[in-house]
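Reader: Before we go through the labels, show me the structure. I want to ask what stands behind each of them.

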Amino acid sequence: MRPTRRHALRTLSALLMPWGAGAKAAANDPSEDAADCVIPAKAGGGFALTCALARDALQAVRPTRPPLAQRYLPGGIGAVAFDRIATGRLGGPGTLVAFSSGSLLNLAQGRFGPHSPSAVRWITTLGTDYGVIAVHRDSPYKRLQDLVAALRQDPSRIAFGAGGTVGSQDWVKAALLVRAAGRDHKAMRFVSFEGGGDALGALQGKHVDAFPGDAAEALQAIAGGAAVRLLAVLSENRLGGALTGVPTAREQGVDVVWPTVRGLYLSAAVPESAVRAWTAAFREASAAPGFAALREQHGLYPFALTGAALDDYVQAQIKSYRRLADELGLRRWPS
């Protein structure tokens, strides 16, 4: 009986060891385990698109991992989520948070509380979006020049509606457009919403006149049947894909350019091994053959950074946004 029993135990041990080793490895690699992607706004905006792309891109290269869960945490267009991550009330190796250029603009102004950019770990950018100027399909403004002419006559006659308050990136797009019309941006009307989804709903209902938002969220709304017309895309050059037929603001004599980079961050308190694991996972996802098509499906254009290159980009952008905030007369809180 003993040899038979010993043999059975050895066989059982051999069967269990690979599984146990694999389970341990998965537990040490949060990119292989169940995780959340926090969307720091309401549904329908660019943060939701970022988390959806992250989920789909990871699933394409790691099909056996649990799909990245989507979790909404609106408040201050990212301020609540950033504060909770920075203070440790939210976080851990399995909690990713979506950010955009707008998040960096808010950080530059100290709008995310007394937290520096080093309060989080910047993991990846998945692509870049671009600002757009949109109106209702029945709007009397058929071209960007029509809207600029109305602003030149009286900047207060146009009600802009978009995500964030004074100083947010959508507010800045509107302010730059008003200045391009030769008027004082402080005279414009701006209606604040908790994300692009709500703002597009207001445009659909004709409660606002113009939407200085982002292309991806506007295209998503149009695909869903929204009666929205794009007057201009705020890119340096004419874009392809769904925006092929949309002229840039520059083409129409208005020198306003606004790229909106989209990516993810983690808590700075997570182990370095978790940072390396997520960085490697998104490098793998971004390098996969099908990623370009997937990124295009989510309305984004190429812009992939990780590691030190991403850290350098964040620091450079925040410096640039601080200069812009001063130029526009925006208040900056210490961070």
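Author: This is a predicted model. Helix H9 (residues 272–287) lies across strand E3 (95–100), E4 and E10. H9 runs at about 20° to E4.

Reader: Why is H9 called roughly parallel or roughly perpendicular to E4?

Author: The angle is about 20°. Angles under 35 degrees count as roughly parallel, so that is the label for H9 and E4.

Reader: Which strands form the sheet, and in what order?

Author: The order is E2-E1-E3-E10-E4. The sheet is open and its pairing is mixed.

Reader: What makes E2 and E4 edge strands?

Author: Strand E2 (69–72) and strand E4 (120–130) each have a single partner strand, so one side of each lacks a neighbour in the sheet. From one strand to the next, the twist averages 30°.

Reader: How do you know that E4 and E10 pair?

Author: Two strands pair if there are at least two bridges between them. E4 and strand E10 (residues 259–267) have nine bridges, so they pair. The sense is antiparallel. Gly127 stands opposite Arg262 in E10. Val120 has Ser267 of E10 as its bridge partner.

Reader: What makes E3 and E10 a pair?

Author: They share four bridges, against a requirement of at least two, so they qualify. This pairing is also in the antiparallel sense. Val97 is bridged to Tyr265 in E10.

Reader: Why is E10 described as largely enclosed?

Author: Eight of its nine residues are buried, so the rest of the structure largely encloses E10. Buried here means under 20% relative accessible area.

Reader: Now the helices. Why is H4 called oblique to H11?

Author: Helix H4 (residues 101–108) and helix H11 (residues 307–327) pack at about 60°, with their axes 8 Å apart. Roughly parallel needs an angle under 35 degrees, and roughly perpendicular needs 65 to 115. About 60° fits neither, so H4 is oblique to H11. The crossing is right-handed.

Reader: Which residues make that contact?

Author: H4 gives Ser101, Leu104, Leu105, Leu107 and Ala108. H11 gives Tyr313, Val314, Gln317, Ile318, Tyr321 and Arg322. By class, eight are nonpolar, two polar and one charged.

Reader: What makes H2 roughly perpendicular to H9?

Author: Helix H2 (residues 46–61) and H9 cross at roughly 80°, and their axes come within 9 Å. The range for roughly perpendicular is 65 to 115 degrees, so the label applies to H2 and H9.

Reader: Which residues meet there?

Author: From H2 come Ala54, Ala57, Leu58 and Val61. From H9 come Trp278, Ala281, Phe282, Glu284 and Ala285. The contact of H2 with H9 has eight nonpolar residues, no polar ones and one charged.

Reader: What is notable about the phi of Ile77, and is the residue buried or exposed?

Author: Most residues other than glycine have a negative phi. Ile77 is not a glycine, yet its phi is positive, about 50°. Ile77 sits in the loop between E2 and helix H3 (79–87). Its relative accessibility is 16%; the cut-off is under 20%, so Ile77 counts as buried.

Reader: Why is Lys206 called exposed?

Author: Lys206 has 53% relative accessibility, and exposed means over 50%, so the label holds. Lys206 is found in the loop between helix H7 (196–204) and strand E8 (210–211). Its phi is positive too, about 65°, although Lys206 is not a glycine.

Methods:
Residues are numbered from 1 along each chain as its sequence is written. This is a predicted model: local features need pLDDT of at least 70, side-chain atom pairs count only at pLDDT 80 or more; totals for chains, interfaces and linings use all residues. Side-chain values use heavy atoms; hydrogens and water are left out. Axes are lines fitted to C-alpha atoms, for helices over the stretch in contact, and angles run from 0 to 180 degrees between N-to-C directions. Contact means heavy atoms within 4.5 Å. Buried means under 20% relative accessible area, exposed over 50%, partly exposed in between (1.4 Å probe, protein chains only). Angles under 35 degrees count as roughly parallel, over 145 as roughly antiparallel, 65 to 115 as roughly perpendicular and the rest as oblique. A crossing is left-handed if the near helix is turned anticlockwise from the far one by less than a right angle, and right-handed if clockwise. Ala, Val, Leu, Ile, Met, Phe, Trp, Tyr, Cys and Pro count as nonpolar, Asp, Glu, Lys and Arg as charged, and the others, Gly among them, as polar.
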